Amino acid sequence: MQYRHTMHLHGDYLDGDLTPESLRLVEEHVASCEKCRDDLLRLKKLTATLRHIESPDPGEHYFDDLLEGISARTSSENQGAPIVEPDTLRPIFSRQVLKTLIRLAAAVTLLFTAFYVSDFNEERQASRWAGNVSPDRYAASATADSAGYLLQSPVGVGVVGFPFPPEDIEYSLPPDAVK
Amino acid sequence: MTDDIAGLVSLFQAGDRQAFTKLVKAFRRKVYALAFKILLNHSDADEVTQETFVRIYGRIGQLKSPEHFDSFVYRIATNYAIDLLRKRRGRMVAMPNEAELPGTVQLALSEKVADPEKLLENKQLLAAITEAAEELPPRQRATLILHDIEGLSKEEVARIMNCPEATVRSNLHIARSKLKKKLAKFLSP
């Protein structure tokens, strides 16, 4: 049989929380093991000492003042009637669900922004290749176009619109693109 | 007594303010004592005691079983005390040692000892216990106090700390082991 110390059971032994089987195991082991017997005695002394610890008594005056303070706070904050928080006032979403929703919304926003920026850059690149519209002018034009697209959309407000290329741009390949 | 308390809680839930006052009177010493043992100073214990009753006043509607009012009180007080303990630790502000201030109060051992040598030893033991308890993480400290000093069962502690009994068992084992190590010279058989 494997020799095992019983220190992990000493707390429950002193609290009377062991099963009869574990109780017998501890008692048999402690009878023959000095290390565990020593540990059990130390723990017994510790728990006995802790039971004797008392907090100080701040006096009757303190508790009277305390009651007055609590009464003042509860009556001024709530006009004399207890605030009853019924279960129906609990939030619709639990904190965990709310966190997930916020993360999801943040991810969608990031995706949308990344997609929009990449599309916008492509258009701006195209305007540079064309060479007849400055990037600043194109940016202003693109914004105006995208706003117009949103307004004219048959689906209604809230539809995601990407800027249409300005009409005054003539597309052409950059000079070094043709060999 | 439990029936009286449950009756008062029911009256309080129905809006009887006098019942609330009676409940405060019945529990204020217990809450203060618990808070003091966790926080080890009067001003924090005072804050916890006041705030506990103000919160009870606001949250009494959440208590479904009036017979568990004492656990409800202990839970609010313990949670607030743990929060305060974490805040104090987080700020790392050098607090004055209250034991050295005039007119302040500190923990004591209830045993009346006539022997001056024994009295000195008890004082040293108490100082060592206080120091060792201060080093425990808040939840371990609260578990040890609720179980070993306040004498609550593991089931009650689990209800108050809102955790499984196995967690109480484990926190208690760790806290006791740490204290046993720190207080080795006082505990030799």
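Here a colleague questions a modeller about a predicted model of chains A and B.

Colleague: What should I know about the numbering and the confidence limits?

Modeller: Residues are numbered from 1 along each chain as its sequence is written, and chains are lettered from A and ligands numbered from 1 in the order in which they are written. This is a predicted model, where local features need pLDDT of at least 70 and side-chain atom pairs count only at pLDDT 80 or more, while totals for chains, interfaces and linings use all residues.

Colleague: How do you know which helices and strands chain A has?

Modeller: They are DSSP runs: H or I over at least four residues for a helix, E over at least two for a strand, numbered from the N terminus. Chain A has six helices and one strand. Their order along the sequence is α-α-α-β-α-α-α.

Colleague: And what is the pattern of chain B?

Modeller: Chain B has nine helices and one strand. Its pattern reads α-α-α-α-β-α-α-α-α-α.

Colleague: What makes a residue of chain A count as touching chain B?

Modeller: Two residues are in contact if their C-beta atoms, placed from the backbone, lie within 7 Å. By that test, 34 residues of chain A are in contact with 43 residues of chain B. On the chain A side, α1 (7-15), α3 (34-51), β1 (53-54) and α4 (60-78) each supply at least two residues. The largest share, 10 residues, comes from α3(A).

Colleague: What classes of residue make up the side of chain A that touches chain B?

Modeller: There are 16 nonpolar, 10 polar and eight charged residues on that side. Nonpolar covers Ala, Val, Leu, Ile, Met, Phe, Trp, Tyr, Cys and Pro; charged covers Asp, Glu, Lys and Arg; the others, Gly among them, are polar.

Colleague: How do you know that the length of α3(A) agrees with the expected span?

Modeller: The expected span is 1.5 Å times one less than the number of residues. With 18 residues, α3(A) should span 26 Å, and its end C-alpha atoms are 26 Å apart, so the two agree.

Colleague: Why is T143(B) called buried?

Modeller: A residue is buried if 20 or more other C-beta atoms lie within 10 Å of its own, exposed if 12 or fewer, and partly exposed in between. T143(B) has 30 such neighbours, so it counts as buried.

Colleague: Why is K22(B) called partly exposed?

Modeller: K22(B) has 17 C-beta neighbours inside 10 Å, so it falls in the partly exposed class. K22(B) sits in helix α2 of chain B. F12(B) is 10 residues from K22(B) in sequence and 9.6 Å away, C-alpha to C-alpha.

Colleague: Which residues of α3(A) are buried?

Modeller: D39(A), L40(A), R42(A), L43(A), L46(A), T47(A), T49(A) and L50(A). Over whole chains, 13% of the 179 residues of chain A count as buried. For chain B, the value is 33% of 189 residues.

Colleague: What makes a set of residues a nonpolar core?

Modeller: Its members are buried Ala, Val, Leu, Ile, Met, Phe, Trp, Tyr and Cys residues, joined through C-beta atoms within 7 Å. The largest such core has 55 residues. Those with the most contacts inside it are A35(B), I38(B), L39(B), V73(B), A77(B) and A81(B). Helix α2 (residues 17-39) of chain B gives the largest share, 11 residues. Beyond its neighbours within four places in sequence, V73(B) is in contact with F27(B), V31(B), T52(B) and I56(B).

Colleague: Why are α6(B) and α8(B) called roughly perpendicular?

Modeller: Axes are lines fitted to C-alpha atoms, for helices over the stretch in contact, and angles run from 0 to 180 degrees between N-to-C directions. Under 35 degrees counts as roughly parallel, over 145 as roughly antiparallel, 65 to 115 as roughly perpendicular, and the rest as oblique. Helices α6 (residues 138-149) and α8 (residues 165-182) of chain B pack at about 95 degrees, with their axes 9 Å apart. That makes α6(B) roughly perpendicular to α8(B). The contact residues of this pair divide into five nonpolar, four polar and three charged.

Colleague: Which residues does T143(B) of α6(B) contact?

Modeller: Leaving aside neighbours within four places in sequence, T143(B) is in contact with V157(B), M161(B), V168(B), N171(B), L172(B) and A175(B).

Colleague: What makes α7(B) and α8(B) roughly perpendicular?

Modeller: Helix α7 (residues 154-161) of chain B packs against α8(B) at about 105 degrees, with the axes 8 Å apart. The two are therefore roughly perpendicular to each other. Their contact has four nonpolar, no polar and four charged residues.
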